[in-house]
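Subject: Structure for you to look at

Hello,

Here is the structure I said I would pass on. Please open it first, then read the notes below it.

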Amino acid sequence: MRNLENHPVIKVGGQNINNLRYADDTVLIAENKEDLQKLLNIVEEESRKKGLELNSKKTEVMVISRKQESPKCDIFINEVKLKQTEKFKYLGTIISNDGKTNREISARTAQAKINFQKMKTILTNKHISIETRERALQCYIEPVLMYGCEAWTISKQIQNKLEATEIWFLRRMLRIPWTTKKTNERVLNEANKRRSLVRTIRKRQVKPPFWAT
């Protein structure tokens, strides 16, 4: 990978980057397909020198673009054309070709609700104080929901979705069925709580990155 240092890069937060690596998960990044092919050729050639081989079936290409239809990007390993995908998961986070985080947030929301259901006997137990149950929610459920939130783009639609999820948790913790037709504000009053999920996410987003601290 050191052989990539003097080759095409992009700037992210003032840093020159053309690859991301964690263990054996590697991402190559370029501004155009010619530069990307050049980076891939270097990795393939240097790998072959060490007796390693890139698996074309496990390697995919994605173009991040604002266009409604993603531009084609034909990239090859040993004359084998790589599959172009609309999304992929890297270190547990879904990266989409539209550059937005909607899919990731939807996936996080769904996973948090699944985890809530797994802890339902504790989180909905009225013999445990609501303060203790809220603390359990903050410790075990909200981190699942907010994983990677520092990089999220929160539109009004996404904010509504997150706030709806926050109320979803509270209604179940207080055992308030939808048939009672209680408003969200009334649910918050019964829990003696204000909306805090989106505010917590925004606080995380304004913190400086780890390399700047």
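A residue counts as buried when its relative accessible area is under 20%, and as exposed when that area is over 50%. By that cut-off Thr101 is buried, because its relative accessible area is 12%. Please keep in mind that this is a predicted model.

Thr101 and its contacts

Thr101 sits in the loop between β10 and α2. Which residues does Thr101 contact, leaving aside its neighbours within four places in sequence? They are Ala151, Trp152 and Thr153. With Thr153 there is also a link through the backbone: the side chain of Thr101 reaches the backbone nitrogen of Thr153 at 3.2 Å. Tyr22 is 79 residues from Thr101 along the chain, and the C-alpha atoms of the two are separated by 21 Å.

The whole protein

The secondary structure comes to eight helices and 10 strands. The C-alpha trace spans about 65 × 35 × 35 Å along its principal axes. The radius of gyration is 22 Å, whereas a compact globule of 213 residues would have one near 17 Å. Buried residues make up 36% of the 213 residues. Taking the contacts with a separation of 6 or more, 54% are between residues 24 or more positions apart.

Helix α2

Helix α2 covers residues 102-118. Its 17 residues should span 24 Å at 1.5 Å a residue, and the end C-alpha atoms are 25 Å apart, so the two values agree. The buried residues of α2 are Glu104, Ile105, Arg108, Thr109, Ala112, Asn115 and Phe116. They lie on the same side of α2, because they cover an arc of only 135° around the axis. A general point helps when you read such a list: an α-helix has 3.6 residues a turn, so residues three or four places apart point the same way.

What do the buried residues of α2 pack against? Their partners are β10 (93-96), α3 (120-123), α4 (130-140), α5 (142-146) and α6 (156-173).

Helix α6

α6 has 18 residues. From its first C-alpha to its last it reaches 26 Å, close to the 26 Å expected at 1.5 Å a residue. Among the buried residues of α6 are Ile158, Gln159, Leu162, Trp168, Phe169 and Met173. What covers the buried residues of α6 includes α2, α3, α4, α5, α7 (184-190) and α8 (197-206). Just after α6, Arg175 takes a positive phi of about 55°.

Gln159 is one residue of α6 to look at by itself. Gln159 counts as buried because its relative accessible area is 18%. Its contacts, leaving aside neighbours within four places in sequence, are Ile154, Val198 and Arg202.

The aromatic rings

How many aromatic pairs does the structure hold? It holds three. Phe116 and Phe169 form a stacked pair, with 5.5 Å centre to centre and 15° between the planes. This pair links distant parts of the chain, since Phe116 is in helix α2 and Phe169 is in helix α6, 53 residues apart. Phe116 counts as buried because its relative accessibility is 0%. Phe169 is buried too, with a relative accessible area of 1%.

The rings of Trp168 and Phe169 have their centres 5.7 Å apart and their planes at 75°, so this pair is edge-to-face. Trp168 counts as buried, at 15% relative accessibility. Ring pairs thus link Phe116, Trp168 and Phe169 into a cluster.

Asn19

Now to strand β3 (residues 19-22), where Asn19 is found. Is Asn19 buried or exposed? It is buried, because its relative accessible area is 16%. The side chain of Asn19 makes a polar contact of 2.7 Å with the side chain of Asn18. A polar contact of 2.9 Å joins the side chain of Asn19 to that of Arg21. Not counting residues up to four places away in sequence, Asn19 touches Met1, Leu4, Val27 and Leu28.

Regards

Terms used: Residues numbered from 1 in each chain as written. Predicted model: local features only at pLDDT ≥ 70, side-chain atom pairs only at ≥ 80, totals over all residues. Heavy atoms only, no water. Helix = DSSP H or I, 4+ residues; strand = E, 2+ residues; numbered from the N terminus. Expected span 1.5 Å × (residues − 1). Buried < 20%, exposed > 50% of the residue type's maximum accessible area, 1.4 Å probe, protein only. Arc of directions from axis to C-beta. Contact = heavy atoms within 4.5 Å. Phe/Tyr/Trp six-rings, centres within 6.5 Å; stacked < 30°, edge-to-face > 60°. Polar contact = N/O pair within 3.5 Å; in protein donor to acceptor, adjacent residues only side chain to side chain. Rg over C-alpha atoms; globule rule 2.2 N^0.38 Å.
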